[in-house]
Structure formats: C-alpha cells, structure tokens
Amino acid sequence: MASLYTPLHVAAARAVGGDPKVEAPPRPELGDFAVGCFALAKARGTNPAQLAKELAAAFQPDEWLASATAAGPFVNFRANRAHAFGWIVQAALRGELLPRTLGAGQTICIDYGSPNISKHLAYHHIRGTTIGHSLAQSFRALGYRVVAINFLGDWGTTHGMVLAAYEKWGAPGLTIDTLNDLYVRFRAEVPDAEDQGRAYLKRLEAGDPQATAMWQRFRDVSWAEFEDVYRILGIHYDDLNGEAFFWRDADRIVDKLRADKMLVESEGAQVVELPGEKTPILLLTKDGTTLYATRDVAAAEFRERTYHPTRSLYVVDRGQSLHFRQLFKLLVKMGYDWARVCEHVPYGLVRVGGKKTGTRLGNVVLMREVFAIAEDEVRAKIAEVNPTLPADVVATVARQVGIGAVVFANLAPQRDKDIDFDLDKAVSLDGDSGPYLQYSHARCASIIRKANEPEAGDIDFALLAHDAEWAVARKLLEFPDAVVRATAACEPHTICHYLLELSADFSRWYTLGNSDASLRVLVDDAPVRRARLALVRAVQAVLREGLSLLGIAAPDQM
RNA sequence: GCACCCAUAGCUCAAUGGAUAGAGCGUUGGCCUCCGGAGCCAAAGGCUACAGGUUCGACUCCUGUUGGGUGCACCA
C-alpha cells in the first residue's frame, strides 16, 4: 500500500518487487526515485546492500525509468525524462495528477468552525475553520463525498445568560458586538450569572414563546455576520444543524440510558460512568436542562443516520480532548458500533501573549481586524511594486492576498502545535507564506499572458534538458502524495510545505533566465518555447489547485 | 494531584523509522537597461531539552526527568 500514484512510482516499485515504499532520494544527484531494500532483504534472508546491488544489475530500462544504481541498501532510479515530462504535463493540465476516485463511495463528515452565536468571531477561530475547510477541499478533490457541518453553538446556559442580560439591560441595536458585550458584562456584574443563565435556558427548553423569539433573533443576527466571514474564506457548509436542533432528543437519550441501567444520579445531576474515566460524563443538570454532551450524542446519532460516514471528523481544539474521549466512550457504551468512525481532530491553541484567549478573558483579537490589517499591508505593497494595477483589481487582489497570508500562516504549522499570535507574521508577504505561493502562480500566469499562444499539440519534451526544468517536473509528481497524506492524517500542512517546495523549484528555474537569456521560457526558438510554456502551464495548474485545497485564491496578477 | 499536548539554528517552523536534519525571518555578501526583485544565489548559524531503552538504523517508537501549555461535573 505504498504511495504509488504515478506510473513512474509504479515502475520503480515493480523493478524491485514486493510492496516497497518509493521515495525521493535525499539529494537529486542520487537519482529520482529511491527504494530501500530492508524489508525485502529480510524476507529473503539476505543482506540489503547485496540485494540492492543485484536488483540494480538486473534492472531493465523501460519507457519510464532509464537507469538504476545501488547506493548501499538503496536502489536509486533515474527517470526517462523526455517521456516523463509528457505524462506529467498532460496529467497536470487535465487535473489527473490526483487520484480522483480514491474516495469513491465514501462519505466524510467534517464538523469544523462551529462558533458560538452572540459572540465575536475571534482570531483564534480561524485555526479550526481553515483546517476543517482545507480538509473538506482535499477530501473532495480525491472523490470523497464530504458533508461540511457547522455545529453552531446556539444552545445552552451561555445563551440563557445573553437572554437574561438583554432582558435586564436591553441593547442599543442588535449586533454581534452588542450581544457579545451583554454576555461579558453579565458575567462580570451578576454574581449568580450561571444560575440565571440556566433558569433562562429552562424557559427556552419549556418552549417559552417570548424567549424563543428573542433567541431566534440573536441567532439570525449572529449567523448573518458569520456568513460574511465564510463568504470571504470561500467556505460553504452543507449542514447547519446546531446544538439547538438536537436538545429535544435529550429525553429520548436519557430514557434509553435509564432503561439500560446506565444512568446514575450524582449530586442531583444525571450522569453516566465510563470505563477508565475518573469523572463520569454529564447528561442533565439537576434542573433537568440539557448539557452539551447530551446534544453531542444526538448530533452523532443524526450524522450516522443521515450520512452514514466512513469517517466522522470533529475539528475542535485540543482543550476539548477529554470531552470527545468521553463522548466516544459513551457512544460505544450505548452499543453504537459506528462510534469507531468518530475522530477528534484536535489542533493547538492560538495564544496571545503566550496565553489562551477567550471572550471571558477579554484578550480576544477579532478575525475581521486581522483581515483588515492584512489587506492594508497588501495594498501598500501593491502601491510600491505594481502601481499601474487598476483600482478594481487592487481591491480584489488586496483581499485575496491578505486573506491568503492569514490563512496560510494558520495552516502551515502542524495541527498539534500551539501558535503564538504574531501580527507581523500572520500578515507577512515575504518568504514562506501564502503570498509567495500566490506570487509564483501570478508569475506563471504572466508568462502565459505574455506568450499569447495556444497550447500547442506537438511538443518535443526532449528539449527540456536543464536539470532545473526536470526538478520542477519531478516535484509535480509529488503532488498526489502530499494531498493523500494530508487527508489520511488530517494534516493540511503537508500541502502547504509541498507547495512551498514546488514554488521554490519553479522560482529557481525561472530566475536562471535573469543571467542567461537562453534559459528563459519565452525564447525565440519556437519548439523550446512551446515545451517550456507547457511546463509553466502545468506548474500553474498545480499551484492553483493546491491553493484551492488550502482555501486560498490564486489571482493571475498581484 | 491526575490526564493530554509540545520541546529541532538567535527567532518562527519543516523533516511517510532510513542516506550528509532542511526552509523562512534576522545578520553578512552578491544577482534585474528585468519572461514580475512579493524573487534568486552564497556565507554564518545544530550534542534535535536531558538520561536510558527498542533495532541493521531513532528528530521520529518506549520509559523516566526537566521546562512550557491546556484540561479535569452541572460552560461549550
């Protein structure tokens, strides 16, 4: 089950036999594909270095691979470049580098974003939102059916508190700012805020029409603002059933647990003891109001019943690990064997000043503020380096590139890493950044614009003789592996780093033309120009799709 | 107290158990009468927190220690 998504990888594996891993050698001068002979030698009871030597000696060149050499326990293969170029460019242009049917017939539920209503979208929300969106895009690209779920936090004691605060003080117009302020003030000034919140929740769960109408308005106001942000980020949700959609299931769930003798009363609340857990999981308060665990059970049942997913992902910060571990154990205890498809996909905190942020902690940085600053940075940069860009293009590009910078900065580190919020870094346009990828793409587009010639039918790829050109093509071959690994491990950052490498290889090749005009793409020699242009088109296609998998736009100029 | 996560260049981060641990930022020095310099090249910078273990091979897996972060019943 090695990662063999191209005919060249398959050829290398076949030359060795068995089911080997085909990887890139650490240095290109060693070859294009490497296969370690450790496992095979062990199976045959021979020495890996000796086996590698024999395999290299027995190697017969084919249309894909030109030669094989043994290097210690590795066999290194060199591609038949001219033939490989043709396949790579064609596959890239047709969008066939990725295994498009890998996920055929499989459904992936992804719960991500899922903010609380009546509260700001803070900067730290961007982490889970962008990770989830990138995973959704990547699974879709591989042919999985994806259900993007926004499990809106629109029920519970918190919202009882906002309603109670509104009743107490009112608000100067209903916006998410005024609602957020109500919540913060209520917690700060009312000693028994939580009790009052629960009392109001009880009214909601009893069907109080006034309370329900008010709650609905708060939800609508909140969603309108969230939707604006999702539009900017290019996110579309398939399922918007928030917590409020599920609280009515609590009675049925509790009754079932009681009938199955799992429910225990502890300190007046309804709980379930879980194997291996010191603290039980709470289902109902002593007032009888529902708790999030109960609503999560209902939501999990709904997702299984409605979508029957092969994987059901919860992209939620690491702070909720314990909750999800308990939730999944509860599902198992309830006899749901489908609970094994549920996975918590945790990510590290976005810290400010080394500390966790939160509405209650009062140290939130707003997402829209960071976006605005990023856009300003881009506008300033454009004024400096590309002053002739038309004003309407500037407006669009400033947003695309500004957002690209912020999104990339959040996707590039591994999920588990905590991130310290650093404004300069989040909006950086230089170095390993979203704008660098976008810039590489825009350069490709610029060359193609300037060439102004149709994609030629007959291309002699043997004319691409420079190592820098081959390095680019070789890197294109790694695109499928980067995307498959991203989905398998739920780690979008593998795509980020792949695209940085591709852009770097492209830029290196491109820059050769600065000192040696014969190495430029747009040379007078028509056959050479056509071949190089085809390679540029292939790079552009992969950059564009790769960026889309990250949820980042790919403007043609910037 | 218990649990989970993290520790790699001055800083921010990479590295499917494999070959000489790589980028960016910052520092120093180069490269466009330009196919877009938001770029490229080069130099300098490492006992991969520490100590053991597993194996042909460990930044990667296991155990312990230290340091930091986050959770641990009526918030979500």
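**Chatting through a protein–RNA model**

User: How many bridges join β1 to strand β3, and which way do the two run?

Analyst: Four bridges join β1 to strand β3 (residues 74–79), and the two run antiparallel. Strands here are DSSP runs of E, at least two residues long, numbered from the N terminus. This is a predicted model, where local features need pLDDT of at least 70, side-chain atom pairs count only at pLDDT 80 or more, and totals for chains, interfaces and linings use all residues. Residues are numbered from 1 along each chain as its sequence is written, while chains are lettered from A and ligands numbered from 1 in the order in which they are written.

User: Which residue in β3 is the bridge partner of A34?

Analyst: That's N76.

User: What order do the strands take in the open sheet?

Analyst: The order is β1-β3-β2, with antiparallel pairing. Two strands pair if DSSP finds at least two bridges between them. The edge strands, β1 (33–36) and β2 (65–71), each pair on one side only. From one strand to the next, the twist averages 20°.

User: Cool. Which strands does helix α3 lie across?

Analyst: Helix α3 (residues 48–58) lies across β2 and β3, running at about 155° to β2. Helices are DSSP runs of H or I with at least four residues. For the angle, axes are lines fitted to C-alpha atoms, for helices over the stretch in contact, and angles run from 0 to 180 degrees between N-to-C directions. Contact means C-beta atoms, placed from the backbone, within 7 Å.

User: Switching to the RNA: how many residues surround strand B?

Analyst: There are 84 residues around RNA strand B, and the closest are A34, G156, T285, G431 and G513. A residue is near the strand if its C-beta atom, placed from the backbone, lies within 6 Å of it.

User: Which helix gives the most to that surface?

Analyst: Helix α19 (residues 493–515) does, with ten residues.

User: Last one, V264. Is V264 in a helix or a strand, and why is V264 called partly exposed?

Analyst: V264 lies in strand β6 (residues 263–266). V264 counts as partly exposed because 14 other C-beta atoms lie within 10 Å. The cut-offs are 20 or more for buried, 12 or fewer for exposed, and partly exposed in between, with C-beta atoms placed from the backbone.

User: What does V264 touch?

Analyst: Not counting residues up to four places away in sequence, V264 touches V271, V272, E273 and P280. As for R231, V264 is 33 residues from R231 in sequence and 45 Å away in space, C-alpha to C-alpha.

Notes:
Contact = placed C-beta atoms within 7 Å.
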